[in-house]
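Please read the following points with the model open beside you, and check each statement as you go. The note begins with a term that several later points depend on.

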Amino acid sequence: MGEALSLTKIDAERQRTVAQALRTFLPARAVLWQEEDTRPYECDGLTAYRKVPMVVALPETEEQVQRILRSCHAMEVPVVPRGAGTGLSGGALPRGDGVLLAMAKFMRVLRIDPLARVAVVQPGVPNGAISDVVSPFGLYYAPDPSSQIACSIGGNVAENSGGVHCLKYGLTVHNVLRVRGFTIDGEPVSFGSEALDAPGYDLLALAIGSEGMLAVITEVTVKLLPKPQTARVVMASFDDVETAGQAVAAIIAAGILPAGLEMMDKPATQAVEEFVHAGYDLEAAAILLCESDGTPEEVEDEIARVRAVLASAGATRTSVSRDEAERLRFWSGRKAAFPAVGRISPDYYCMDGTIPRKRLGEVLNFIGDMERKYGLRCPNVFHAGDGNLHPLILFDAASADELRRTERFAAEVLEKCVAVGGTITGEHGVGVEKIDQMCVQFSAAELETFHALKRAFDPQGLLNPGKAVPTLRRCAEFGRMRVHGAQLPHSELPRF
Amino acid sequence: MDAAIAALAERIRAAAESRQALCIRGGGSKDFYGGEPRGELLDARGYAGIVSYEPSELVVTARAGTPLAELEAVLADNGQMLAFEPPHFSPGATLGGCVAAGLSGPRRAAAGALRDFVLGARVLDGRGRWLAFGGEVMKNVAGYDVSRLLAGSLGTLGLIAQVSLKVLPRPQREITLAFEMPEARALETTNRWAGLPLPISATAWHDGRLSVRLSGAESALRAAAEKLGGEAAASEAAARDWTAIREQTAPFFAGEAPLWRVSLPSNAKPLALPEAQLIEWGGALRWLKSGADAATVRGAAAQAGGHATLFRGGDRAAGVFAPLAPALARLHREIKAAFDPAGILNPGRLYREF
């Protein structure tokens, strides 16, 4: 294991000192240090990496967060913030010498302003709960990661989470107006504004997606949108994946910006059809789901245009959802892709590369070559609209050899994504998982710039250290990708 | 790194060594904006041209010196646009200057700001290092989002040499509706309408008259126009009016009084200032022609939950942008030092202290 994970032993004396310091202002229930209490926090959604934290702190107020940070800063104790723990890249992996700052008690919706279309919420509020609570006003919060019933808005801010509607409605960074919180020294900060901009550098954009390394967020102001009056989905079949990829390009080239545009290949549709019976065409080499939303007039208009484009782009079959139940059924398979694949293989490893859409055929062929090279199967689900691929390598973690082959397979695919002009992570974050691939994507000078930015907020490197940005020494030592895989926790959650 | 970049990098390295301030500049169309430009001129216009553009990818990558008008014309030929409608302010405006200024036009409240469309950037920092952040893909969470940080940084963090932007299809049709209503009612109305599923792409209120632009499919515009009422404007005249607001050639912007850009929560009450205003972005952007002192304007903006920028004219030496809270000011200085330790890039353009 690398430098970020090297501290395995908990120093009992240090633990006592830190726990006692926190106990001077926190109640007993908010400071956990006995292993039976701290073990549940040993990992987030990436369970291949585990570390029991030295101390877990569970603050309930902003003042408590500030005091925890001040106290840890003074004692030079690393702090790892954690939201709902559903992240897929180990961004909330604890440290054996650190305090895990669990924000789970920050669960309140503080203010809803329907006229201004904003909601002010605490970071522990689940993404989906925001849309639920503003629904009576005809509004919703647009980003919809599939784990939205559980993942917290604070975690979404840390990871810049997306969802299936990003092409039209954007990511977290496009839908958050302001965040409030503290830097590691306990200094209160606020980035952004309830106005549409703030003076100076765009620190809001910098903070969003910073994987909890620049500041601890205690309040988030989100932008709300009017709920579209209606939505319908076109489902189209293709007899090869490249034609399906070209059909995606043809839709965009026709000036259509669908609300959602998703692709699944045959191995993926077969896995999910057995699981959820979404009504997918099992003969098709690939299926596309294209959603249109808006007023009934707009949707009718757009659906007709989409069908025409798909027909001339070589779709072998198209069908349109007739009602809301059928629309949800078409989506159910896509949303259940990860758990469905989990049923046909002991383990799977989910990748998260993004590529320019025009390179899709090339990358899928490359993945096919890798399947043969490594003797492993790899169904593909794909946010086709924004070029975000989630190939799922199937393997058995009990076989050391399969694990090794999976690692090499994944590393080759991620490096291929970089080679075609894409990125190693579209929406799951770097965390500890892809930290070595950062060395492939960025030069030493670029990584140094990231470190310099980190030092601007946290000169001693105490806030979530060792995540997201590798040291240059680590890159120098980087050979190949390390162990991945194993089951996801929260396996009941839809994922994509 | 090509020869042109190598030459610019060498220039920056030499300047850093001798602590010579550099004034990074494209077409100079926004020299009036921000602190007074100073230092030795570093003209970015030589590094120009569209690097890649494939309409079906919804991404364009171009070099800093590319004229904004040229870029927009190429997009228009392909039925696409920069959805944030950046102001040019003069025919010489370049893409690099556009991103450095970070300004957005009438469509901002509906479509997003310039920074929302930045996907990646290549930059020469204050040590002359050639750095790439982000990329040409829609979703990318590898590393801190430096390319968005560069948007609106006024060249104080580096020479923004190349930018990748998300582009969008042009709407099939646009119509403009006009309504007579006083300020308070216009604010309430535009906020209420923004909460309904209506294809509103811009609003402007001035002197008792509210203009609302709708963009989208013919059928959707017809349905929305029926619902909203108002008086439909002739489409060519309306298009000219929106351009006049975007480029500040409308009569409101004429005259010597300093122009303030007041950015507020969209539903903030009318500002307690006597001078005439032009209100865009559904209430979130209020232009104010006022000779009032900075403290008065900034005080009114802060009280309403926003901030005021001395946009054009007036006494720039006293500071153009709203002062930062001490914690943020410290972060700004540290970030500036991370990119430009010698403090040579566009000094004083954003804040006097750096």
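1. Two residues are in contact if their C-beta atoms, placed from the backbone, lie within 7 Å. With that cut-off, and leaving aside neighbours within four places in sequence, V99(A) is in contact with V18(A), M54(A), V55(A), A57(A), I68(A), C72(A), V77(A) and V79(A).

2. Before going further, please note that this is a predicted model, in which local features need pLDDT of at least 70 and side-chain atom pairs count only at pLDDT 80 or more, while totals for chains, interfaces and linings use all residues. Residues are numbered from 1 along each chain as its sequence is written, and chains are lettered from A and ligands numbered from 1 in the order in which they are written. The pLDDT is the predictor's confidence in each residue, from 0 to 100; chain B averages 97, and 100% of the residues there score at least 70. For the complex, the predictor gives an ipTM of 0.97 and a pTM of 0.95.

3. Chain A contains 18 helices and 18 strands, where helices (H or I, at least four residues) and strands (E, at least two) are DSSP runs numbered from the N terminus. Its radius of gyration, taken over C-alpha atoms, is 23 Å, close to the 23 Å that the globule rule gives for 496 residues, so chain A is as compact as a globular protein of that length; the rule itself is 2.2 Å times the number of residues to the power 0.38. Along its principal axes, the C-alpha trace of chain A spans about 70 × 60 × 40 Å. Among contacts in chain A between residues at least 6 apart in sequence, 73% join residues at least 24 apart.

4. A residue is called buried if 20 or more other C-beta atoms lie within 10 Å of its own, exposed if 12 or fewer, and partly exposed in between, with the C-beta atoms placed from the backbone. Of the 496 residues in chain A, 60% are buried. The largest nonpolar core (a set of buried Ala, Val, Leu, Ile, Met, Phe, Trp, Tyr and Cys residues joined through C-beta atoms within 7 Å) has 264 residues, and those with the most contacts inside it are V55(A), V99(A), V222(A) and L288(A).

5. Helix 13 of chain A (residues 337-344) offers an example of burial, with A337(A), F338(A), A340(A), V341(A) and G342(A) buried. The elements that cover these buried residues include strand 13 (260-265), helix 10 (266-276), helix 12 (324-335), strand 16 (347-350), strand 17 (380-383) and strand 18 (388-395) of chain A.

6. How many residues does each chain give to the contact between chain A and chain B? Chain B supplies 68 residues and chain A supplies 77. On the side of chain B that touches chain A, helix 11 (residues 326-339) of chain B gives the most, with seven residues. That side of chain B divides into 36 nonpolar, 20 polar and 12 charged residues, where Ala, Val, Leu, Ile, Met, Phe, Trp, Tyr, Cys and Pro count as nonpolar, Asp, Glu, Lys and Arg as charged, and the others, Gly among them, as polar.

7. Two loop residues of chain B deserve a careful look. R38(B) lies in the loop between strand 1 (22-25) and strand 2 (40-43) of chain B, and R38(B) counts as exposed because 12 other C-beta atoms are within 10 Å. Not counting residues up to four places away in sequence, R38(B) touches A21(B), C23(B), P347(B) and G348(B); the C-alpha atoms of R38(B) and P347(B), which are 309 residues apart along the chain, are separated by 7.2 Å. E85(B), in the loop between strand 5 (80-81) and helix 3 (95-101) of chain B, is buried, with 21 other C-beta atoms within 10 Å. E85(B) has a positive phi of about 45° although it is not a glycine.

8. In chain A, H277(A) likewise has a positive phi, near 50°, and is a residue other than glycine. H277(A) sits in the loop between helix 10 and strand 14 (286-294) of chain A, and it counts as exposed, with 11 C-beta neighbours inside 10 Å.
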